[in-house]
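Here is a short set of notes for a first look at this model. Please keep the structure open while reading.

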Amino acid sequence: MEAHQSPEKTPDGHFVVIGGRRWRATDPSIPEEIAARLRRHLMSARRAVRSATTAGDAKTEKAARARVQQAKVALGERGTPWWDQPEDERRRRWEEGLAALDSQEQS
């Protein structure tokens, strides 16, 4: 797969296939602008995990991993499958996740 191509999806759209492995797809009901902000939080948190791991800082690593989890849940990639949630619950999941991640960034 080239960098500019979207990954292959399963016929039901619930998963993407990368390197022959299935991964839960991002909730398609999330507006693109919001999904992009959540992905920025996710990438920032992943960089923080790498930095903390390299530095041997277990406390910072744990906090960064919690941020990764928050972003993945908000995107619908972890937690209750988005296709099993009613629309209002899906919206609440990403709105609350984004608000929490935004507030952590400002602290």
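1. Start with the outward side of helix H3. Asp 88, Glu 96 and Gln 106 are exposed there. This is a predicted model, so local features rest on residues with pLDDT of at least 70.

2. Now turn H3 around. Its buried residues are Arg 90, Arg 93, Trp 94, Gly 97, Leu 98, Leu 101 and Asp 102. Viewed down the helix axis, they fall within an arc of 145 degrees, so they line one face of H3. The general rule helps here: an α-helix has 3.6 residues a turn, so residues three or four places apart point the same way.

3. What covers that face? The cover over the buried residues of H3 includes H1 and helix H2 (58–75).

4. The length of H3 is also worth a check. The helix runs over residues 87–106, which is 20 residues. From first C-alpha to last it reaches 29 Å, close to the 28 Å expected at 1.5 Å a residue.

5. Look next at His 41. This residue sits in helix H1 (residues 32–55). Is His 41 buried or exposed? Its relative accessibility is 9%, so His 41 counts as buried, the cut-off being under 20%. Beyond its neighbours within four places in sequence, His 41 contacts Arg 67, Leu 98, Leu 101, Asp 102 and Glu 105. Leu 98, Leu 101 and Asp 102 are among the buried residues of H3.

6. The largest nonpolar core has 15 residues. Ile 30, Ile 34, Leu 38, Leu 42, Val 68, Leu 75 and Trp 94 touch the most other members. H1, H2 and H3 each supply at least two residues of this core. Which helix gives the most? H1 does, with 6 residues.

7. Ile 30 deserves a closer look within that core. Leaving out residues up to four places away in sequence, Ile 30 touches Ala 35, Leu 38, Ala 74, Leu 75, Arg 93 and Trp 94. Of these, Arg 93 and Trp 94 are also listed among the buried residues of H3.

8. Finally, the aromatic rings. The structure holds 2 aromatic pairs. One of them joins Trp 82 and Trp 83 edge-to-face, at 5.1 Å centre to centre and with 85 degrees between the planes. Trp 82 is buried, with a relative accessible area of 6%. Trp 83 is partly exposed, at 26%.

9. Phe 15 belongs to one aromatic cluster with Trp 82 and Trp 83. Arg 22 lies over the face of Phe 15, at 4.0 Å from the ring centre.

Key:
Residues are numbered from 1 along each chain as its sequence is written. This is a predicted model: local features need pLDDT of at least 70, side-chain atom pairs count only at pLDDT 80 or more; totals for chains, interfaces and linings use all residues. Side-chain values use heavy atoms; hydrogens and water are left out. Helices (H or I, at least four residues) and strands (E, at least two) are DSSP runs, numbered from the N terminus. Buried means under 20% relative accessible area, exposed over 50%, partly exposed in between (1.4 Å probe, protein chains only). Contact means heavy atoms within 4.5 Å. The expected span of a helix is 1.5 Å times one less than its number of residues. The arc is that of the directions from the helix axis to the C-beta atoms. A nonpolar core is a set of buried Ala, Val, Leu, Ile, Met, Phe, Trp, Tyr and Cys residues joined through side-chain atoms within 4.5 Å. Rings of Phe, Tyr and Trp (its six-membered ring) pair if their centres lie within 6.5 Å; planes under 30 degrees apart count as stacked, over 60 as edge-to-face and the rest as tilted. A charge sits over a ring if NZ of Lys or CZ of Arg is within 6 Å of the ring centre and within 35 degrees of the ring normal.
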